[in-house]
Every structure is written in structure tokens, then in C-alpha cells.
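User: Please take a close look at a single part of this model, the nonpolar core. I would like one connected account that also places the core within the chain as a whole.

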Amino acid sequence: VQLQASGGGLVQAGDSLRLSCAASGRTFSMYVMGWFRQAPGKEREFVAVINWSGSSTSYDDSVKGRFTISRDNAKNTVYLQMNNLKPDDTADYYCAAGLSYSTIPGGMSYWGKGTLVTVSS
């Protein structure tokens, strides 16, 4: 599986962004998909995960109620809708795919390149 994330940018606090992650291959629907982020000088951390059908999602407490993960298996794409962005959300955002419903980076098998989100105060 090859993953390509897009949609990052520079926004102000309180703004919204939608990240997209397009996947190659015909087996997209069998994978759990996740979003992780990494701020400068920090370790990569979990943001959100969604199961193969989209019926189950999980979020880190720091984004719960503000971010929404979704997927469109017909388009081989997973999304991350980010509302009410805060300066602490500034990071490189990575999409990932795996066969287990995992909230840790090590639980994912495939990674795309990051897309940078910068939130100014």
C-alpha cells in the first residue's frame, strides 16, 4: 500500500482544515487507517484511527470533539477533518495503514509522507 497525504497548510487558531490520504492498491478496504502527528522535537503521536468499514473510530483525548476521521473505500481515501485548530496542533501529519486496530505507531505497517499543518495564534 502506498499512501499520499495532502491538505496541510498555514491557518489561524480556530480555523478548520481537512486532510486527505489517498491509497494505492485494490485492498484499501481491508486496512485499518490512522492519522498520527509529529511536532518538532517530539515523538510521533496518535491522533485518530478508523476500522476497515468506518464503523469504529478512536481519538486521542487532545483532539476528541474537534477532529473527525472518515474513509471512502470507493475512493481509496481516508480523511481527517480538523476543526477549531489550536497552536498545539502544529505538526507534520502522517497517514498510516495496518491490519490491526492500533493507536501506536508500531502497530501500523505502511506510512505516507507527512503533510505540514501550522496553526498560528
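Analyst: In this predicted model, the largest nonpolar core comprises 29 residues, and W35, L80, M82 and Y93 have the most contacts inside it. The elements that contribute two or more residues to this core are β1 (3-6), β3 (17-23), β4 (32-38), β5 (45-50), β7 (67-72), β8 (77-82), β9 (91-98) and β11 (115-120). A second, separate core consists of six residues, among them V32, F36, A96 and M108. In general terms, nonpolar side chains of soluble globular proteins tend to be buried together.

The setting of these cores is a chain with 11 strands and zero helices; along the sequence, the pattern reads β-β-β-β-β-β-β-β-β-β-β. Of the contacts in the chain with a separation of 6 or more, 57% join residues 24 or more positions apart. Buried residues make up 42% of the 121 in the chain.

The overall dimensions can be stated as follows. The radius of gyration is 13 Å, which agrees with the value near 14 Å that a compact globule of 121 residues would have. Along the principal axes, the C-alpha atoms fill a box of roughly 40 × 25 × 25 Å.

As for the outside, the accessible surface of the chain amounts to about 6200 Å², and carbon and sulfur atoms account for 46% of this area. The chain carries 11 positive and 9 negative side chains, with the centres of the two sets 8 Å apart.

Terms used:
Residues numbered from 1 in each chain as written. Predicted model: local features only at pLDDT ≥ 70, side-chain atom pairs only at ≥ 80, totals over all residues. Heavy atoms only, no water. Helix = DSSP H or I, 4+ residues; strand = E, 2+ residues; numbered from the N terminus. Rg over C-alpha atoms; globule rule 2.2 N^0.38 Å. Buried < 20%, exposed > 50% of the residue type's maximum accessible area, 1.4 Å probe, protein only. Contact = heavy atoms within 4.5 Å. Areas by Shrake-Rupley, 256 points an atom, 1.4 Å probe, with all protein chains shown as cover. Lys, Arg positive; Asp, Glu negative; His and termini not counted. Charge placed at Lys NZ, Arg CZ, Asp CG, Glu CD. Core = buried A, V, L, I, M, F, W, Y, C linked by side-chain atoms within 4.5 Å.
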